[in-house]
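Biologist: Please show me the structure, and let us then discuss it through questions and answers.

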Amino acid sequence: MELFINLVLFSMLVVTAVAILKMRHLFAVVMLSGVFSLLCALLFVTLDAVDVAFTEAAVGAGISTVLMLGTMALTARNEKMPRDFSFIPLAVVMITGAVLIYGTLDMPDFGSATSPAQLHLATEYLKQSPSDIGVPNVVTAILASYRGYDTLGETVVVFTACVGVLMLIGNLARRRRKDEEGAE
Amino acid sequence: MRHHLLLRVITKLLVGPIILFALYVQFHGDYSPGGGFQAGVIFAVAFILFGIVFGLSKVKQVFPPWLVHKLAALGVLIYAGTGVYSLMLGATYLNYSAFTPDHPEHGQHWGILIVELGVGVTVAAVMVAIYYAFAARPPVISDEEW
């Protein structure tokens, strides 16, 4: 049954990706990328990674779609047709893809009990967190306590993104200039 | 979107439950999936939905931009301040067990709760701030062209 669900989800994922590539109408592309994110979230659920699925559904399908629609309202609705076929980008993509696939050959089998992820820290966390922290959701315990520095860094990254966006298109400088002009 | 009656009614119905769900995800993150990041995004979505349907000026009255910008920084300060507090108690940075020395688990619970709150505040404020920044610019495309 799980194999069937995975097959269906992955084939829908591929269909969505191909549709995104083929379409020129950007509104449909944005909507389809939301669908893509939701399908990814479902895949994460079948992998029992509920926290990741939750984030993917909220951020990938929710906020990203809104932001892309907002961007589209400021730019254009249709993708420009490529001017002519060029060989170099295709070659770069093919070589990178081949290298990535070659890299996966070294990875442990999917779900293997002897993969490094199952052997070292993960088991420690699972064993220790009930007595160290006592929070039933181990993901939260790892995220906020064991890996507190990482999460602090992530929060700062989110804040930095905000500062960057505000400096680029936030109209803050213009407002201040207007205030100064008004004061004079 | 003055003419979309259905959207306006349904949005009014939805905004409350969305915020409630965000708070649940925020403060129940110790026990169920979720935490500051997800809760912050869901919280922001309530305001973004309100802004899309009722207009940017209405949502800016509810959640003014100056407050949004201050909250974005406040969340990071809450998080980093928790670490400084544990430093002042003589423990290592972000070591929550120091908060209640005779019962380290309680300290961990408090620490995680406060830190997640900081994450949630920052993420919610940042998402709303980015939405304001995009939506405040004059659109190139008119409403009918979509």
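Modeller: Two residues are in contact if their C-beta atoms, placed from the backbone, lie within 7 Å. This is a predicted model, in which local features need pLDDT of at least 70, side-chain atom pairs count only at pLDDT 80 or more, and totals for chains, interfaces and linings use all residues. Residues are numbered from 1 along each chain as its sequence is written, with chains lettered from A in the order in which they are written.

Biologist: What covers the buried residues of α7(A)?

Modeller: Helices are DSSP runs (H or I, at least four residues), numbered from the N terminus. A residue is buried if 20 or more other C-beta atoms lie within 10 Å of its own. In α7(A), the buried residues are T140(A), A141(A), I142(A), L143(A), A144(A) and S145(A). Their cover includes α5 of chain B as well as α6 (121-132) and α8 of chain A.

Biologist: Which helix gives the most to the largest nonpolar core?

Modeller: Such a core is a set of buried Ala, Val, Leu, Ile, Met, Phe, Trp, Tyr and Cys residues joined through C-beta atoms within 7 Å. The largest has 55 residues, and V41(B) and V126(B) are among the members that touch the most others. With 18 residues, the helix that gives the most to this core is α5(B).

Biologist: With which residues is V41(B) in contact, leaving aside its neighbours within four places in sequence?

Modeller: Chain B offers V123(B) and M127(B). From chain A come A58(A), V59(A), G62(A) and I63(A).

Biologist: Which helix gives the most to the side of chain A that touches chain B?

Modeller: The contact takes 41 residues from chain A and 47 residues from chain B. On the chain A side, α3, α7 and α8 each supply at least two residues. The helix that gives the most, with 14 residues, is α3(A).

How values were computed:
Buried ≥ 20, exposed ≤ 12 C-beta atoms within 10 Å, placed from the backbone.
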